[in-house]
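Here are my notes on this model, for you to check against the coordinates. I go strand by strand, then turn to the cores and a couple of serines.

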Amino acid sequence: MIKGVSRLLFLSLLAMTSCSQHDTLAGVEDPVDDGQSASVNIVISRAGVEEFAQAGISELTIYTYRVLRKSTELYKEETVSIGDGVFAYQFPLGETFQTIVTANVGEVSGKEALETLTLTFDPLGGKEVWASPVTRFSSDKTVTTLDLTLERLVARVNFVPAESAAELAAVSEFDALDIRFSNVAASYMPATGMPVLSDLTVSTDASQGYRKTFYTFETSRAGENSSIFISYLKGGVEVNQSASLLDTGVTYEASSSYSMTVPITAPDYQLLPWSIESRSGLPAIEIVKTKL
């Protein structure tokens, strides 16, 4: 009788232990929803995923901010491989969040709050910056999917001399240019959609045909036209400069390309006009805008 009771007790304990182990493993593999969180999928459009693959972009960074009474605070920052463009997250119930997805950003500052988040890139780096609009949502289980489309935030600017290659080859007064562009933007604040305007100086020389390409964040919302100031160099020494700032009459729009044709030998544009023979009609700066 005692042996029978002992055997029964052993089997009961064994069953309880086995059950407990199964529960623990199940909890690791498939956590039970405790009712205190909401699942949200962030989905990047299929067209965007394909476009990034063609452009060689393989990673995105997702910033999510918790909305407080008068401000925001960074809740989660994650860099992810694009994959199929679907990213699953859990958020605490009953709160409000804002999120933005970025690609190809060189430097990020002020990310502790959305209000101060600033994206910065190298205008001469040849990379285009992309980002989704800042999207607001509530973790109340009514929102299960955020469909986001990333947009190109930058414009491309091509500086091109108006003169022909033969005309430039005949010039001996200079062999290089430093070109200062005003009211361009290497930084951008997503919360306001405003650029941080600054000057950008680029260098080019005879070997490059006095051409140069750079990128800038959109500046149209700032409402300040870009202008140009040219320094002429020979043997690394400045020998002349623009008579004044040359107004281009343009602000830059995202996803646009600007071909900026400038008569660099026109005497009217030089502080100390050279006796360089210039083609008639050169003095006008021509801007041609196309879509990227």
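1. Start with strand E12, residues 154–161, which is joined to E15 by six bridges, the two running antiparallel. To find the register, look at Ala155: its bridge partner in E15 is Thr216. Bear in mind throughout that this is a predicted model.

2. That pair belongs to an open sheet of four strands, ordered E15-E12-E19-E20, with mixed pairing. Which strands stand at the edges? They are E15 (212–217) and E20 (286–291); each has a single partner strand, so one side of each is left without a neighbour in the sheet. On average, neighbouring strands here are turned by 20° against each other, direction ignored.

3. Strand E13 (176–189) deserves a good look. With E14 it pairs in the antiparallel sense over eleven bridges, and Ala185 has Leu197 of E14 as its bridge partner. The hairpin of E13 and E14 has four residues between the strands, and Gly193 takes a positive phi near 70° there.

4. E13 has other partners too. Seven bridges join E13 to E16, again antiparallel, with Leu177 standing opposite Tyr232 in E16. Strand E7, residues 118–120, also pairs with E13 in the antiparallel sense, over two bridges; there, Leu119 stands opposite Tyr188. As for cover, eleven of the 14 residues of E13 are buried, so I'd call the strand mostly covered, taking buried to mean under 20% relative accessible area.

5. On to the packing. The largest nonpolar core has 27 residues, and those with the most contacts inside it are Phe159, Leu177, Phe181, Ile228, Ile230, Tyr252 and Ile264. Which elements give two or more residues to this core? They are E12, E13, E14 (194–205), E16 (227–234) and E19 (256–262). E13 gives the largest share, four residues. Another core lies apart from this one; it has 21 residues, including Phe87, Phe91, Trp130 and Leu150. As background, nonpolar side chains tend to be buried together in soluble globular proteins.

6. Tyr252 is worth a click. Leaving aside neighbours within four places in sequence, Tyr252 is in contact with residues that include Ala155, Val157, Phe181, Thr216, Ser226, Tyr258 and Met260. Two of the residues on that list, Ala155 and Thr216, are the bridge partners from point 1.

7. Is Ser226 buried or exposed? Ser226 is buried, with a relative accessible area of 0%, and its place is in the loop between E15 and E16. Its side chain makes a polar contact with the side chain of Tyr252, at 3.1 Å. Not counting residues up to four places away in sequence, Ser226 touches Phe181, Ser182, Asn183 and Val184, as well as Asp247, Thr248, Gly249, Val250 and Tyr252. If you want a distance to check, the C-alpha atoms of Ser226 and Leu245 are separated by 9.7 Å, with their positions 19 residues apart along the chain.

8. Ser242 is the other serine I'd flag. Ser242 is found in the loop between E17 (237–241) and E18 (246–247), and is buried, with a relative accessible area of 1%. What does its side chain approach? A polar atom of the Ser242 side chain lies 2.8 Å from the backbone nitrogen of Ile230. Beyond neighbours within four places in sequence, Ser242 is in contact with Phe229, Ile230, Tyr232, Tyr269, Gln270 and Leu271. Ile230 is also one of the core residues named in point 5, and Tyr232 is the residue opposite Leu177.

9. There is a further hairpin elsewhere in the chain, formed by E2 and E3 with four residues between them. Nine bridges join E2 (residues 59–67) to E3 (residues 72–81), and the two run antiparallel. Thr64 has Lys76 of E3 as its bridge partner.

10. Finally, the whole-chain numbers. The chain has three helices and 20 strands. Buried residues make up 40% of its 292 residues. Among contacts between residues at least 6 apart in sequence, 71% join residues at least 24 apart. The chain exposes about 15,600 Å², and carbon and sulfur atoms supply 52% of that.

Terms used:
Residues are numbered from 1 along each chain as its sequence is written. This is a predicted model: local features need pLDDT of at least 70, side-chain atom pairs count only at pLDDT 80 or more; totals for chains, interfaces and linings use all residues. Side-chain values use heavy atoms; hydrogens and water are left out. Two strands pair if DSSP finds at least two bridges between them. Axes are lines fitted to C-alpha atoms, for helices over the stretch in contact, and angles run from 0 to 180 degrees between N-to-C directions. A nonpolar core is a set of buried Ala, Val, Leu, Ile, Met, Phe, Trp, Tyr and Cys residues joined through side-chain atoms within 4.5 Å. Buried means under 20% relative accessible area, exposed over 50%, partly exposed in between (1.4 Å probe, protein chains only). Contact means heavy atoms within 4.5 Å. Accessible areas come from the Shrake-Rupley method with a 1.4 Å probe; for residues, only the protein chains shown count as cover. A polar contact is a pair of N or O atoms within 3.5 Å; within protein, one must be able to donate a hydrogen and the other to accept it, and residues adjacent in sequence count only if both atoms are side-chain atoms.
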